[in-house]
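Trainee: I would like a close look at a single part of this protein, the nonpolar interior. Please set it out in one connected account, with the cut-offs given.

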Amino acid sequence: MSEIAYVRGDATVPSVKGVKVIAHVCNDVGGWGKGFVLALSRRWPEPEAAYRAWHRERASNDFALGALQTVRVERDVWVADMIGQRGVRTGSKGVPVRYDAIDAAPARLADRALELGASVHMPRIGCGLAGGKWSRVEPLVGERLVAQGVAVTVYDHGEG
């Protein structure tokens, strides 16, 4: 089984050939305005618009923890919104990340990536504002994506 590839750089500009899916974790309350989503919105308006519509129409769709939505932003680039955090703040119930949702959404993402013949690119999902620990997320990404034959690259932003 291959491993997750780690690179320094910007996950919104994957430098590989072929179809690419840029995956990230979203909250379940319709909030879009901090963290990695800002980098997405600087490049494309479609992911934010689609996420907001998905949340707004949640009474009649699958919007919930563990759900996945993919949005095409270029001929060979898709953005995958994965609902993996409850709310946006750390509070009495702990940090917003929900590991069971971060387990469910990448399983759906694997099916979509294989269908598209795509590689997956992401920051350390669930570990920024969501408050998760990469030591718990990394095995889920490995099991749900890499073990299914999906090439995954994780981007650490910043200087070398």
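Mentor: What follows goes from the overall fold to the cores, then to the helices and two single residues.

The model is predicted, so local features need pLDDT of at least 70 and side-chain atom pairs count only at pLDDT 80 or more, while totals for chains, interfaces and linings use all residues. Residues are numbered from 1 along each chain as its sequence is written, and side-chain values use heavy atoms, with hydrogens and water left out.

The protein has four helices and six strands, where helices (H or I, at least four residues) and strands (E, at least two) are DSSP runs numbered from the N terminus. Their order along the sequence is β-β-α-α-β-β-α-β-α-β. The radius of gyration, taken over C-alpha atoms, is 14 Å, close to the 15 Å that the globule rule gives for 160 residues, so the protein is as compact as a globular protein of that length. That rule is 2.2 Å times the number of residues to the power 0.38. Along the principal axes, the C-alpha atoms fill a box of roughly 40 × 35 × 30 Å.

Of the 160 residues, 47% count as buried, meaning under 20% relative accessible area with a 1.4 Å probe and protein chains only. Contact means heavy atoms within 4.5 Å. Among contacts between residues at least 6 apart in sequence, 68% join residues at least 24 apart.

Now the interior itself. A nonpolar core is a set of buried Ala, Val, Leu, Ile, Met, Phe, Trp, Tyr and Cys residues joined through side-chain atoms within 4.5 Å. The largest such core holds 29 residues, and those touching the most other members are L109, V120, M122, I125, V141, L145 and V152. Two or more residues each come from β2 (20-27), β4 (77-85), α3 (99-116), β5 (119-122), α4 (134-144) and β6 (152-156). The most come from α3, which gives six residues. A second, separate core has 15 residues, including C26, F63, V77 and I83.

V120 shows how the largest core is joined up. Leaving aside neighbours within four places in sequence, V120 is in contact with V21, A23, L109, A113, L145, V150, A151, V152 and T153.

Two helices can be read by what covers them. In α4, the buried residues are W134, V137, L140, V141 and G142, and they pack against β1 (5-8), α3, β5 and β6. In α2 (residues 46-56), P47, Y51, A53, W54 and H55 are buried, with β2, β3 (68-74) and β4 among the elements that cover them.

Two single residues complete the account. V25 lies in strand β2 and, at 15% relative accessibility, counts as buried. V25 and M82 are 57 residues apart in sequence but 4.8 Å apart in space, C-alpha to C-alpha. Beyond four places in sequence, V25 is in contact with M82, G84, Q85, I102, I125 and G126. L40 sits in helix α1 (residues 36-43) and is buried, at 0% relative accessibility. With neighbours within four places set aside, L40 is in contact with T12, I22, H24, W32 and V79. L40 and V13, 27 residues apart in sequence, have their C-alpha atoms 9.8 Å apart.

Terms used:
Buried < 20%, exposed > 50% of the residue type's maximum accessible area, 1.4 Å probe, protein only.
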